[in-house]
Amino acid sequence: MLLAYRSRDAHPTGSVFLARADGEGWTVTFDGEASFGDLAAASPLVNKDEKTVFTTPVAPLYAGSDFRTGMALPFAVGQTWTLTGGPHGWGGGAPWSSVDLAGGDQVVRAARAGTAYTMCTGWIRVIHDRGYSTDYYHLWSSIAVNGAAVGQGAYLGYTGTDVTCGGSATGRHVHFGLRQNSAYVPIAGHGIGKWDFVSGAGEYQGGARHGSAFAGVGGAVYNYGALGFNQGVVDANGGGTLTRRSGPGTGYGVLGSLADGATVTVSCSANGTSHTGRYGTTALWDRLSDGSWVSDAYLSTGVNGPMNGWC
Ligand SMILES: [Zn+2]
């Protein structure tokens, strides 16, 4: 763990690692690397809960067009907090892995289940499945853990201004950062709490989008909880409603409509008529759990292509 300079935009650096000595010397592997799981499985120092997380195969990088995290926002589901800082760097500069949040009951909670580590006082890291981990910094009364299993929503600490590990904080908040495969990754585009974070022109700008609703800096973000890996949020691209049909195309009969921002569960997908939504043009249609069909152009799912297989 490396301390940071006591300036804004500076944050400490740290990794969970395993090291094994053999006749050739030391082998060191960091959390999120593929070799980390192999060493974790073999290590007598790693507990059963940690092994469950560490030995889950690492997901493809976000560059593989799969941005699904299965995470809620890092506070209680059902609360509304303020986005006090849009996407910005953990250590200053790219990648803009982090956002700042404050408000509600000020209790910071795990965004998804995993194993938790106290990197230093005020800084907790939770290592999740699929190669992801999340960082929580500036906490007051943070938990003291070293590989403890935590569930989604577990208490980690209170928002605060702690700078034990360096950096600075002018008002109490949690600096919430996203990592994958042992490195910080851009938080923009990732779905967390059914919001998609959006980068702005500069650090700390931007905001978050839920359906067509946009929350900029200073805006309110309601924690809807985690979006399932086979779910999407209706984004009608400007509001209004999304038409449900009896088949994969506009030639099929209308069965009803869905409100912007609604959560849907996808059973399977097929190609049909082509449509253009916020994120581009696609011929993909999704069959929902109620048997009706909607164009994938108007769903925010965090993944391109059939998210739950072809029909
Ligand atoms: Zn921050």
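Among contacts in the chain between residues at least 6 apart in sequence, what percentage join residues at least 24 apart? The figure is 61%, where two residues count as in contact if their C-beta atoms, placed from the backbone, lie within 7 Å.

Before going further, this is a predicted model, in which local features need pLDDT of at least 70 and side-chain atom pairs count only at pLDDT 80 or more, while totals for chains, interfaces and linings use all residues. Residues are numbered from 1 along each chain as its sequence is written.

The chain has two helices and 25 strands, taken as DSSP runs numbered from the N terminus, with helices being H or I of at least four residues and strands E of at least two.

Let me turn to one sheet, which is open and mixed in its pairing, with five strands in the order β3-β14-β15-β16-β17. Its edge strands are β3 (68–71) and β17, each of which pairs on one side only; pairing here requires that DSSP find at least two bridges between the strands.

At the β17 edge, β16 (residues 207–210) and β17 (residues 213–216) are antiparallel and joined over four bridges, with H210 bridged to A213 in β17. Two residues lie between the strands of this hairpin, and G211 adopts a positive phi near 60°.
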